[in-house]
Amino acid sequence: MENRTLGSLTVSALGLGCMGMSEFYGEGDERESLATINAFLDAGGSLLDTADMYGPFTNEKLVGKAIAGRREDAVIATKFGNERRDDGSWVGINGKPEYVRSACDASLQRLGVDHIDLYYQHRVDKTVPIEDTVGAMAELVQAGKVRHLGLSEAAPETIRRAHAVHRITALQTEYSLWEREPETKVFPVLEELGIGFVPYSPLGRGFLTGQLRSEEDFAENDFRRHSPRFQGENFKRNLELVDRVKELADQKQCTPGQLALAWLLAQGNHIVPIPGTKKRERLAENLGATAVVLSEQDLKRLDELAPAGSTAGARYPNMSSIDT
């Protein structure tokens, strides 16, 4: 797989989102998840994305187990800031400097590594100045515990203030054919400051694959059951968007998911999507997106099929945690 550069960090053109292996998308299978991570690395992938809150805490352990003996093949990205208890209950968003330090040490232990390649603030703590949070993150870089810093779901002004304290390597925010808000709000700032972009949920939480046709397709413990975009009339309207994308995918002789990922890759060499999966079969499909070539006419057609603002429903039931 070809590589791309996030700021000054070299990673594979596609990353692997590991969250669903442990939580949120129904039951996981540890053996298959470990095999999927290793298949990704075998294929030349490097960027593995996790967070302390996934599980909670178990996803980092899973990633650590998968990379044991092949640490040099992996670029580990993890996150802090969404604080949860061992029983899974929610504490809140925490960007206090003392928490930054303790969260990093705990992640290093769970991952079984001596440094984190890319350490994100998962959500911006609006009660703590971003300068204080990033200042503590910068201390981790100085201590050798972290190599690069990132933010997730941060607003343009927050990005500027953070970058003034320490270089921000990457911003991670939801972005896909059905979520295009970053194009106008944050892309100009990223280009100006030389910050890479990591779209999470690049397949619209699986919706853009065309495999989800009914609310009944979700397991009882699948969080998408509670997402506005997957409910009622919103679901029906969004299916129309997916069907339009599928028509072009059929013409390109690829899957809708591959087309959605190829579109993202075509938006710039500073963009590295992290499609999540917990199965080798889906991983192989996702990796196939790197071979899909889109012409200018194809890109124009996709803009017409899935214009900004065409998706029905909010991204989350409660958007208060998003820095805007």
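Me: Which residues does the UniProt feature "domain: NADP-dependent oxidoreductase" cover?
Reply: The unreviewed UniProt entry places that domain at residues 14-305. The model itself is predicted. The C-alpha atoms at the two ends of residues 14-305 lie 24 Å apart. Helix makes up 41% of the span, and strand 15%.

Me: How do I read strand pairing, starting from β9? Which strands pair with β9, and by how many bridges?
Reply: Look for bridges, then check direction. Strand β8, residues 116-121, is joined to β9 by five bridges, and the two run parallel. Ile 116 has Val 146 in β9 as its bridge partner. On to β10, residues 168-174: four bridges join β9 to this strand, again parallel. Here Gly 150 is partnered by Ala 170 of β10.

Me: What connects these parallel strands, and with which hand?
Reply: Follow the chain from one strand, over the helix, to the next. β8, helix α4 (residues 130-142) and β9 form a β-α-β unit that is right-handed. Then β9, helix α5 (residues 156-165) and β10 form a right-handed β-α-β unit.

Me: Is β9 mostly covered or mostly open?
Reply: Mostly covered. Of the seven residues in β9, residues 146-152, six are buried.

Me: How should I read a nonpolar core? Which residues have the most contacts inside the largest one?
Reply: Start from the general idea. Nonpolar side chains tend to be buried together in soluble globular proteins. In this model the largest nonpolar core has 80 residues. Ile 37, Leu 48 and Ile 159 have the most contacts inside it. A second core, separate from that one, has 15 residues, including Leu 47, Ala 77, Ile 274 and Tyr 316.

Me: What does Ile 159 touch beyond its sequence neighbours?
Reply: Leave out residues up to four places away in sequence. Ile 159 then touches Leu 151, Ala 154, Leu 171, Val 186, Val 189, Leu 190, Leu 193 and Ile 195.

Me: Now a charged residue. Why does Arg 315 count as buried?
Reply: Compare its relative accessibility with the cut-off. Buried means under 20%. Arg 315 has 6% relative accessibility, so it counts as buried. Arg 315 sits in the segment after α11 (296-305).

Me: Which side chains make polar contacts with the side chain of Arg 315?
Reply: Two glutamates can be named. The side chains of Arg 315 and Glu 153 are joined by a polar contact of 2.6 Å. Glu 174 also makes a side-chain polar contact with Arg 315, at 3.1 Å. With neighbours within four places in sequence set aside, the contacts of Arg 315 include Glu 179, Tyr 200, Arg 205 and Ser 227. Arg 229 and Ile 322 are also among them.

Me: Back to Glu 153. What is its phi, and where does it lie?
Reply: Check the sign of phi, then the residue type. Phi of Glu 153 is near 55°, positive in a residue other than glycine. Glu 153 lies in the loop between β9 and α5. Its relative accessible area is 4%, so Glu 153 is buried.

Me: Which residue has a positive phi in the loop between β4 and α2?
Reply: Phe 57, which is found in that loop. Its phi is about 75°, and it is not a glycine. Phe 57 counts as buried because its relative accessibility is 18%.

Me: Is the peptide bond from Gly 55 to Pro 56 cis or trans?
Reply: Read omega. The bond from Gly 55 to Pro 56 has omega near -5°, and it is cis. Pro 56 lies in the loop between β4 (47-49) and α2 (58-67).

Notes:
Residues are numbered from 1 along each chain as its sequence is written. This is a predicted model: local features need pLDDT of at least 70, side-chain atom pairs count only at pLDDT 80 or more; totals for chains, interfaces and linings use all residues. Side-chain values use heavy atoms; hydrogens and water are left out. Buried means under 20% relative accessible area, exposed over 50%, partly exposed in between (1.4 Å probe, protein chains only). Two strands pair if DSSP finds at least two bridges between them. A crossover is right-handed if, with the strands pointing away from the viewer, the path from the first strand over the helix to the second runs clockwise. A nonpolar core is a set of buried Ala, Val, Leu, Ile, Met, Phe, Trp, Tyr and Cys residues joined through side-chain atoms within 4.5 Å. Contact means heavy atoms within 4.5 Å. A polar contact is a pair of N or O atoms within 3.5 Å; within protein, one must be able to donate a hydrogen and the other to accept it, and residues adjacent in sequence count only if both atoms are side-chain atoms. UniProt positions are given in the numbering used here, feature names are shortened, and annotations may be inferred rather than shown by experiment.
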